[in-house]
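Here is a friendly briefing to read alongside the sequence and the model. Take a look at the structure first, then follow the notes topic by topic.

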Amino acid sequence: MRKLTRRQFLQVSAAVSSSLLLPGAVQASDGEKLALHKKIGETATICPYCSCGCGLVIATDEKGHVVNVEGDPENPINRGALCPKAISVRQLSNSPLRLAKVMYRAPGATQWEAKSWEWALEQIARRAQETRDASFVRTVKVGDKDVPVNRTEGVAFIGGAANNNEDCYLATKLMRALGLVYVEHQARL
Ligand code: SF4
């Protein structure tokens, strides 16, 4: 769909106000049909910027581009209100600077390399297991007794403001199952 010029916008506005409009389109003076509305999907989500965790309603077009951001009136934290920062959330998705692939810099290297998600996930799982195995503590001495603790102090987890209750529940469950002691949240740092 092409953009409306100012003149065309005034023509469309006049057509709307005089009820001459055909549903879904209007004819410009050069004969071209201009779409008046397009399919928009709305998704409720959480602002990723600070620890308030305000609720957002994100509107996206057919191509998945974010076209509007509003406060979610049904979210009990912000009840529809938003600070100005949240309005720029669309840039996280639409910015041409957004990374669309995994970038990896090996220890000591000066260059970043593009990697696949399969490679990255395998690396994360392997390194987490290696570190956990190497740092796992089964028991500690309390007096003359060996008390089981089954923990690792070699791995830590940090959550963020964009994690909702369900994310936090699953992450905490997984991290405690792995034996982590250091489970933290960004807002406490
Ligand atoms: S809308 Fe503003 S106050 Fe709310 S979470 Fe986002 S940055 Fe924080």
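The protein chain holds five helices and 10 strands. This is a predicted model, and its average pLDDT is 85, with 80% of the residues scoring at least 70. Of the 189 residues in the protein chain, 6% are buried. Among contacts with a separation of 6 or more, 34% link residues that are 24 or more positions apart.

**Confidence along the chain**

- Among the elements of the protein chain, strand 8 has the highest mean pLDDT, at 97, while strand 1 (residues 25-27) has the lowest, at 59.
- The pLDDT falls below 50 over residues 18-23, a stretch that has four contacts in the model beyond near neighbours in sequence.
- Where pLDDT is low, it is wise not to read the predicted coordinates in detail.

**The ligand and the nonpolar core**

- Which residues are around the ligand? They are Cys47, Tyr49, Cys50, Cys52, Gly53, Cys54, Asn78, Leu82, Cys83, Lys85 and Ala86.
- Sorted by class, this shell around the ligand has eight nonpolar residues, two polar ones and one charged one.
- The largest nonpolar core is made of five residues, namely Ile46, Cys47, Cys54, Leu56 and Ala86.
- Cys47, Cys54 and Ala86 belong to the shell around the ligand and also to the largest nonpolar core.
- Leaving aside neighbours within four places in sequence, Cys47 is in contact with Gly53, Cys54, Leu56, Ala86 and Val89.

**Strands 8, 9 and 10**

- Strand 8 (residues 136-142) pairs with strand 9 in the antiparallel sense, over six bridges.
- In that pairing, Val142 stands opposite Lys145 of strand 9.
- The hairpin of strand 8 and strand 9 has two residues between the strands, and Gly143 takes a positive phi there, near 65°.
- On to the next partner: strand 9 and strand 10 (residues 180-185) run parallel and are joined by five bridges.
- Gly159 has His185 in strand 10 as its bridge partner.
- Is strand 9 well covered or hardly covered? Strand 9 (residues 145-159) is hardly covered, as one of its 15 residues is buried.

**Two residues with positive phi**

- Most residues other than glycine have a negative phi.
- Arg79 has a positive phi near 45° although it is not a glycine, and it lies in the loop between strand 5 and helix 2 (84-87).
- Why does Arg79 count as exposed? Arg79 is exposed because it has 12 C-beta neighbours inside 10 Å, and a residue with 12 or fewer is classed that way.
- Asn150 also has a positive phi near 45° and is a residue other than glycine, but the place of Asn150 is in strand 9.
- With 9 other C-beta atoms within 10 Å, Asn150 is exposed.

**Residues in two loops**

- Glu62 is found in the loop between strand 4 (55-60) and strand 5 (66-71).
- Glu62 is exposed, as 9 other C-beta atoms lie within 10 Å.
- From C-alpha to C-alpha, Glu62 and Gly41 are 7.8 Å apart in space, with their positions 21 residues apart in sequence counted as separation.
- Trp112 is found in the loop between strand 6 (102-104) and strand 7 (113-115).
- Is Trp112 buried or exposed? Trp112 is exposed, with 12 other C-beta atoms within 10 Å.
- Not counting residues up to four places away in sequence, Trp112 touches Met103, Tyr104 and Arg105.
- Trp112 and Val102 are 10 residues apart in sequence, and their C-alpha atoms are 9.7 Å apart in space.

**Cys168 in helix 5**

- Cys168 is found in helix 5 (residues 165-178).
- Cys168 counts as partly exposed because it has 14 C-beta neighbours inside 10 Å, which falls between the limits of 12 or fewer for exposed and 20 or more for buried.
- Setting aside residues up to four places away in sequence, Cys168 touches Gly159 and Asn163.
- Gly159 is thus a contact of Cys168 as well as the bridge partner of His185 in strand 10.
- Cys168 and His185 are 17 residues apart in sequence and 9.9 Å apart in space, C-alpha to C-alpha.

Methods. Residues numbered from 1 in each chain as written. Predicted model: local features only at pLDDT ≥ 70, side-chain atom pairs only at ≥ 80, totals over all residues. Near = placed C-beta within 6 Å. Nonpolar A, V, L, I, M, F, W, Y, C, P; charged D, E, K, R; others polar. Core = buried A, V, L, I, M, F, W, Y, C linked by C-beta atoms within 7 Å. Contact = placed C-beta atoms within 7 Å. Helix = DSSP H or I, 4+ residues; strand = E, 2+ residues; numbered from the N terminus. Pairing = 2+ DSSP bridges. pLDDT = per-residue confidence, 0-100.
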